[in-house]
2 protein chains.
Amino acid sequence: MQALQQLFKRIIQRVNINLRELDYDVDPYTKDLIPLDQMTKFYAFYGITPHHSLNFQFRHSNLAGSYFLGKCRTTNSILYKSDIRGDELKKKGDVYRCGKWEIPIQQDEGIDIKDSLLIKTLVHNYSHDPETPERFFISNTAAVHYANIHGSPTDGSFLGPFATVDLTTMNDCVIGSFSYVQAGEVNHLYVDPGTVWVRSPDNFNFLYRYPQEKLRRYIDFSAGSLPQGLLIDFVNDRKEAFQRIFDVVNIEPSVTVPGSASLDRYAVVKPKTQINENVLVSQRAYLQNAWLGKGANAQENCYIINSRLQGNNVTAHGAKIIEADLGKNVFVGFNSFLRGRPNGRLTIGKDCVIMPHTIIDIQEPLTIPDGHLVWGLVNDAADLEANSIALKTMASVSDHITRGSMHFEGHGGKFVTAFKERIHHILEANGAFYDGTQGEGHAQRNQNISFNTIQPYPEGDQQGLYPTILIKP
Amino acid sequence: MQALQQLFKRIIQRVNINLRELDYDVDPYTKDLIPLDQMTKFYAFYGITPHHSLNFQFRHSNLAGSYFLGKCRTTNSILYKSDIRGDELKKKGDVYRCGKWEIPIQQDEGIDIKDSLLIKTLVHNYSHDPETPERFFISNTAAVHYANIHGSPTDGSFLGPFATVDLTTMNDCVIGSFSYVQAGEVNHLYVDPGTVWVRSPDNFNFLYRYPQEKLRRYIDFSAGSLPQGLLIDFVNDRKEAFQRIFDVVNIEPSVTVPGSASLDRYAVVKPKTQINENVLVSQRAYLQNAWLGKGANAQENCYIINSRLQGNNVTAHGAKIIEADLGKNVFVGFNSFLRGRPNGRLTIGKDCVIMPHTIIDIQEPLTIPDGHLVWGLVNDAADLEANSIALKTMASVSDHITRGSMHFEGHGGKFVTAFKERIHHILEANGAFYDGTQGEGHAQRNQNISFNTIQPYPEGDQQGLYPTILIKP
């Protein structure tokens, strides 16, 4: 266990050195987050398919409970129940376009995690930074419960619980709990908890900040204690269901899965769930009485309970949908928490965009009209009024707009178009538009994955560390 | 599946080319032995401990259901439910003594399997050939159900079901079903089924051959069909119990295991089994109402049912003991089948040596007196008379002796001593003499193994082949 303890200390020191300018000490925020003696208990696993680059390199790391797909490398790192999904990386021969540049991709892109601590963190998509087209690096970084590092090369940074960096290269930053940052490139920044920030230089800037007191009810993270709040309780209450699926080697799906859809064997599926054509259900998704229409997807760490999604819905990483009815083409962003009640259901009209990190938590029935953009904290109809706008109206903004605590500057049309294009891209990548011959995506390619399980040294000096493991075609 | 089919054909061709002088065609004996479409169904697994060299290299192979420990390499090979146990290999710094030679071991020895087909085969011990001290090779070889390749580098050979080569280097040989060969070095030999042959050049030569008609009742292997007979039926009848232990990730032992003993998590343990101090139970052992006294061991593919072993007993790879009572220090050799009946139990006195590949299958009670050597086929007291000898008498043979179908030439004392020393070594290696501080062996070192599971490509051209997997410290 000694080697593992030393590794943990080394990582924390490296993060702190990077954050010295911000005078941010990661130590009290990470100290007792994961019991090191449990790090030998959970197996890690990696997927093997003919549809993905295959190149795993694990060195001097602990990978307890983590999942890997594609081309990934970990060195001197601790990954606890994290998902490193390299199935959207760039491929040799691709051309990556960025502004006026056309960048030829010379070798398959790889995720390269070094000197980092990732706890229940999701890493996905490709590195959107044109400066590092073939290496999606995460180094000298600590990320804790349900953080998302999405297409975002990251160095020397700390991500709090439920924090997301999306299509953003980050150096020496602290991203507070439940903050969402999509900003291209950020350096030496401290982002307050509950910030939702979408920036496209020269095009637009969207900024919302949660009322801190109200946010704390949902997620509270203080030095010296574990993350707390309603979001953590919600997840912990459903932990046991996952235990069972990790304890057996083979598992038969409890529902019918159409030939064009895929249900990961590490997803939880409770009764009365229906999976339709072209649906993608990822590992660590939780479905209970969920009706998923054609082309809908349920990504990692998402929960869909007593809800109906009409089709072509995106339920992004970590999103939760409870007692809700969603029309077609509704997008629910990262880590959003949408909770209706049995007698107060939430209805979301078609073509709505629920921004990442939105909380809609209602007691009375609430309906969001078709084609609206929603953000921030919504507990009732009045909140909805202050935290939403028709996409059509948004598209017509040419200079700036303020609504509730949201400030937007720039070109509304470009903002709406960027979202629509991205949603289209996500659905396309997931195989939502597959017609039986064309348009194959994750839903079709991830149907048949072999999972290999790996474990650390069970005792001795190296206890808790994994041996060097190299997998190639 | 195509690549796997080609690999299968390639291996068979290589074996046949090696056996061309013997004019032996392996093809009809291997053709339908393993359904290739099942080769994606079973995971392989390897053990990680701080007590064994760690170096696995798997390339262009199928490893369905096979187990690996220590330093092993497979290339262009198909291993179906085989056990490759590299926990008795020579280590860097060892000195290997052979006659007048003292051979320094320059690097950890490794098991190197190339262009070979191994079906339910056990590979164990170290290469006893002084010509290849650091490389225990198995190449251009096919071995079928329950063959043992024990300390025997093997090239260009075929081993029938339940055949064993022990401490013997073999080139271009065919070893018939249920034959046991321990002969130092053999070349271009065809060994009839049911041959038990122990030779030490210049010292002794022990030879027994089973009556072919009677042997066929137990094991019958003809071109074009699967191995058949009572031994196969016996194993198949107990197959299902193993299914369950392979289907779950973690399993709690159903019996108390003393701190000095080890019970592999891939062993089957049925009720009323008792495991005492310093006992070793290996993977794929089957215990049912088995009482294992201090220092007893139950090796791979062995079955101990309704039996009591007093202590320091060796139950070698593939041995079966049913309705029997064994005194202390009884050795039961490879693949022996000892079956008493509920009303006709078998009693074996202390210090007996049951030769490898002995069948004792009785209807009436039978007692083997202390200190006897037993071989061949024993169905009743008359058979026992013809197939046993007091070790003391054997030790006094100075020229030759014939008893029943057994012929012995040479120095009986050396033969008995060699056996006794070997049994002592086996018990020592297994940790039977561990006193709490000294004498650690497998029983103490194998208590805490992490198992990693690996699987092949689930579809596509490479379906059934494993990717390249390299594991190092």
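## Contacts and the core

Two residues are in contact here if their C-beta atoms, placed from the backbone, lie within 7 Å. Keep that in mind as you explore this structure, which is a predicted model.

A good place to start is the largest nonpolar core, which has 290 residues. Leu287(A) and Leu287(B) are the residues with the most contacts inside this core. Which residues does Leu287(A) touch, leaving aside its neighbours within four places in sequence? They are Ala267(A), Val268(A), Val269(A), Lys270(A), Thr273(A), Val281(A), Ala298(A) and Ile304(A). As general background, nonpolar side chains in soluble globular proteins tend to be buried together.

## An open sheet in chain A

Chain A has an open sheet of six strands, with parallel pairing. Following the sheet across, you meet the strands in the order S5-S10-S13-S16-S19-S22. Strand S5 (78-80) and strand S22 (190-191) of chain A are the edge strands, each pairing on one side only.

For a look inside the sheet, take strand S10 (residues 117-119) and strand S13 (residues 142-143) of chain A, which pair in the parallel sense over two bridges. Here Leu117(A) stands opposite Ala142(A) in S13(A).

## Where the chains meet

Now to the two chains together: 31 residues of chain B are in contact with 31 residues of chain A. On the chain B side, helix H5 (239-247), strand S46 (450-454) and strand S47 (468-472) are the elements that give two or more residues. By class, that side of chain B has 18 nonpolar, 10 polar and three charged residues.

Strand pairing also links the chains. Strand S47 (residues 468-472) of chain A pairs with S47(B) in the antiparallel sense over five bridges, and Ile469(A) stands opposite Ile471(B).

## A helix with two sides

Helix H8 (residues 412-429) of chain B has 18 residues, which should span 26 Å at 1.5 Å a residue. The end C-alpha atoms of H8(B) are 26 Å apart, in agreement with that expectation.

Which residues of H8(B) are buried? Gly412(B), Phe415(B), Val416(B), Ile423(B), Ile426(B) and Leu427(B) are. Because they cover an arc of only 100° around the axis, these residues lie on the same side of H8(B). On the other side of the helix, Glu421(B) and His425(B) are exposed.

Several elements of chain B help to cover the buried residues of H8(B), including strand S24 (204-209), strand S32 (314-315), strand S35 (331-332), helix H7 (391-395) and strand S45 (406-410). Just after H8(B), Gly431(B) takes a positive phi of about 80°.

Conventions:
Residues are numbered from 1 along each chain as its sequence is written. Chains are lettered from A and ligands numbered from 1 in the order in which they are written. This is a predicted model: local features need pLDDT of at least 70, side-chain atom pairs count only at pLDDT 80 or more; totals for chains, interfaces and linings use all residues. A nonpolar core is a set of buried Ala, Val, Leu, Ile, Met, Phe, Trp, Tyr and Cys residues joined through C-beta atoms within 7 Å. A residue is buried if 20 or more other C-beta atoms lie within 10 Å of its own, exposed if 12 or fewer, and partly exposed in between; C-beta atoms are placed from the backbone. Two strands pair if DSSP finds at least two bridges between them. Helices (H or I, at least four residues) and strands (E, at least two) are DSSP runs, numbered from the N terminus. Ala, Val, Leu, Ile, Met, Phe, Trp, Tyr, Cys and Pro count as nonpolar, Asp, Glu, Lys and Arg as charged, and the others, Gly among them, as polar. The expected span of a helix is 1.5 Å times one less than its number of residues. The arc is that of the directions from the helix axis to the C-beta atoms.
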